[in-house]
Amino acid sequence: MRLDKLLSECGLASRTEAKSAARLGKITVNGKVMTKTDVQVDPERDSVVYGGLPVRYRRFVYLMLNKPDGYVSATEDGRGEPVVTDLLPPEYRKMGVFPCGRLDKHTLGLMLITNDGVLSHQLLAPKSHVSKSYGFRVKFPLSSSDLAQLERGVDIGGYLTKPCRVEMTSEREGVITVTEGKYHQIKLMMEAVHNQITYLERLRFGTLALDASLARGEWRELSEEEIGSLQQIRKGIEPET
């Protein structure tokens, strides 16, 4: 791999920025100063230092974000609204990360941010049946009849939702687990039983559970174990949770 491509894929510098850094003697490979960036390097074996910091090559990155209120699930918004990737350091944005799936602007909680397009597509594909759990609060108490309807499937504008699971923690609060991701689905499901969502937070996406130590707007990289669990889903095997 070319040195400038390595630095670009790591989100550290554009090819133009890498050339400028090389001219200033700010890049070394195996201890040797590189004055050109078109040289070939082995990301797995060569020791590359950029601006005094070791370069760790990763083609793909996987981040967990605790989405706060008011952020759009996108990398940019034509209306000037804040987007979830605004919460990340520049190096990740330079690596081309994007949200895997969407949460409504006022929905909180777990988001997977990555630049692995293949994995994202497979996790979101309807045939994958990846489960998603949301903590919710509604305006009115939910009756046993309401719960039975929700779990059986309700009509949301001409579409019958698939069976889901609802676990109540009080008469107006609980956790709903679905295997779909239709636009405004939870909101529309509650409206189908003549109720209204007043609070919604995603707690789990497939095998990923929201890290309780992350405050709103905070993020962290996924552990190797968490990435491995996602890779299992990619292979069509969702581990039990």
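Trainee: How do β5 and strand β7 pair, and over how many bridges?
Mentor: β5 and strand β7 (residues 108-114) pair in the antiparallel sense, over six bridges. Keep in mind that this is a predicted model.

Trainee: Which residue of β7 stands opposite Leu-63?
Mentor: Ile-113 in β7 stands opposite Leu-63.

Trainee: And what joins β5 to strand β13?
Mentor: Three bridges do, and β5 and β13 (residues 219-221) run antiparallel. There, Leu-65 stands opposite Trp-219 of β13.

Trainee: Is strand β5 mostly covered or open?
Mentor: Mostly covered. Six of the six residues in β5 (residues 62-67) are buried.

Trainee: Which way do the residues of β5 point?
Mentor: Tyr-62, Met-64 and Asn-66 point one way. Leu-63, Leu-65 and Lys-67 point the other way. Both sets are buried.

Trainee: Let's switch to helix α2. Which residues are buried there?
Mentor: In α2 (residues 15-23), Ala-18, Ala-21 and Ala-22 are buried. They cover an arc of only 100° around the axis, so they sit on the same side of α2.

Trainee: What is on the other side of α2?
Mentor: Thr-16 and Arg-23 are there, and they are exposed.

Trainee: What do the buried residues of α2 pack against?
Mentor: They pack against α1 (3-9), β1 (27-29) and β3 (48-50).

Trainee: What follows α2?
Mentor: Gly-25 follows α2. Its phi is positive, near 75°.

Trainee: New topic: salt bridges. How many are there?
Mentor: The count comes to 15 salt bridges. Side chains of opposite charge can pair when their charged atoms come close.

Trainee: Which residue does Arg-79 meet in a salt bridge?
Mentor: Asp-77, with N to O at 3.2 Å.

Trainee: Are those two buried or exposed?
Mentor: Arg-79 is exposed, with a relative accessible area of 66%. Asp-77 is buried, because its relative accessible area is 19% and buried means under 20%.

Trainee: What about Arg-165, which partner does that one have?
Mentor: Arg-165 forms a salt bridge with Glu-167, and their closest N and O atoms are 3.5 Å apart. Arg-165 counts as partly exposed at 44% relative accessibility. Glu-167 is partly exposed too, with a relative accessible area of 43%.

Trainee: And which residue pairs with Asp-211?
Mentor: Arg-220 forms that salt bridge, with the closest N and O atoms 2.7 Å apart. Arg-220 is partly exposed, with a relative accessible area of 22%.

Trainee: Which residues do shared partners join into one network?
Mentor: Lys-5, Glu-9 and Arg-59 are joined into one network by salt bridges that share partners.

Note on methods:
Residues numbered from 1 in each chain as written. Predicted model: local features only at pLDDT ≥ 70, side-chain atom pairs only at ≥ 80, totals over all residues. Heavy atoms only, no water. Salt bridge = Lys/Arg side-chain N within 4 Å of Asp/Glu carboxyl O. Buried < 20%, exposed > 50% of the residue type's maximum accessible area, 1.4 Å probe, protein only. Helix = DSSP H or I, 4+ residues; strand = E, 2+ residues; numbered from the N terminus. Arc of directions from axis to C-beta. Contact = heavy atoms within 4.5 Å. Pairing = 2+ DSSP bridges.
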